[in-house]
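Visitor: I'm new to this one. Could you walk me through it?

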Amino acid sequence: MFALRLAALVAATLATGLIAGVFYAYAISVMPALNRTDDRAMIDVMQKINVVIINPWFMIGFMGTVGFTLLAAALHLGKEHRTTLIWLGVALALNVIAFVVTSGLNVPLNDQLAAAGDPAQIGDLAQVRADYESAWVRWNTLRAILHTLAFLVLAGALFVAGIQHGRTQAAGSVGAQQVSQAQPVPSVGPQTVGQPYRAPITAQQYGFGPSGSQPTGARFLA
């Protein structure tokens, strides 16, 4: 079960990190570069990017930011995983907010840009760009920050989960060692419950030999 929980947690961390990296790359390179181009080039490139980015590789990561984190949280239900679950809850909230920002703000702007049509046929390129670029950059920066924070929290969850598992394993090993080292009490004849064990008294302890007679050299004074 630990392997399954770990796999879900790693998948959530990886998906979140990849998507945070995509949006980070937009923020620090793609959009600043497009900002230096003319209106037609900027609109044309963004229209093409918005088409090609809808592919299985991106969608697995994008949907996985919420899906894998939710799965990891579900697998960590229980008081023994409470600390890890708290970290996962925070990461899930951050990923959900970022997902809403993308779906509710960036995607509608992309649809609006696509609806403007062929850049060669757009009458007012500057207005189309103005309605799109600044708002899109602002919301992209926000979602990049949110996913980055979620990635850091998930990394913390991995660390905490490892510590908890290590403590559980150590406690189990100590318990097993104590059981293996315990010595059974010898059973010689019936004993009364609650009384300490007493070894049987032999004839030799009273000075008699095996037959009950006095051993050689033993004398009693009258």
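## A bend and some rings

Guide: Keep in mind that this is a predicted model. Let's start with helix 3, which covers residues 56-75 and has a kink of about 50°, centred on Gly-64.

Visitor: Which residue caps the N-terminal end of helix 3?

Guide: Look for a side-chain oxygen that lies 3.0 Å from the backbone nitrogen of Trp-57. The residue it belongs to is Asn-55.

Visitor: Is Phe-58 buried or exposed?

Guide: Phe-58 sits in helix 3, and so does Phe-62, 4 residues away, about one turn of the helix. In the list for helix 3, which includes Gly-61 and Gly-64, both of these Phe residues appear under one label. That label is buried.

Visitor: How many aromatic pairs are there, and what kind do Phe-23 and Phe-58 form?

Guide: A search of the whole structure turns up 5 aromatic pairs. For Phe-23 and Phe-58, the rings are 6.5 Å apart centre to centre, with 65° between the planes. Angles over 60 degrees get their own name, so this pair counts as edge-to-face.

Visitor: And what kind of pair do Phe-58 and Phe-62 form?

Guide: Here the centres are 5.6 Å apart and the planes differ by 10°. The cut-off is under 30 degrees, so the pair is stacked.

Visitor: Which residues form the aromatic cluster?

Guide: Phe-23 in helix 1 and Phe-58 in helix 3 link distant parts of the chain, 35 residues apart. The one cluster they belong to is made of Phe-23, Phe-58, Phe-62 and Phe-99.

Conventions:
Residues are numbered from 1 along each chain as its sequence is written. This is a predicted model: local features need pLDDT of at least 70, side-chain atom pairs count only at pLDDT 80 or more; totals for chains, interfaces and linings use all residues. Side-chain values use heavy atoms; hydrogens and water are left out. The bend at a residue is the angle between axes fitted to the seven residues ending there and the seven starting there. Helices (H or I, at least four residues) and strands (E, at least two) are DSSP runs, numbered from the N terminus. Buried means under 20% relative accessible area, exposed over 50%, partly exposed in between (1.4 Å probe, protein chains only). A polar contact is a pair of N or O atoms within 3.5 Å; within protein, one must be able to donate a hydrogen and the other to accept it, and residues adjacent in sequence count only if both atoms are side-chain atoms. Rings of Phe, Tyr and Trp (its six-membered ring) pair if their centres lie within 6.5 Å; planes under 30 degrees apart count as stacked, over 60 as edge-to-face and the rest as tilted.
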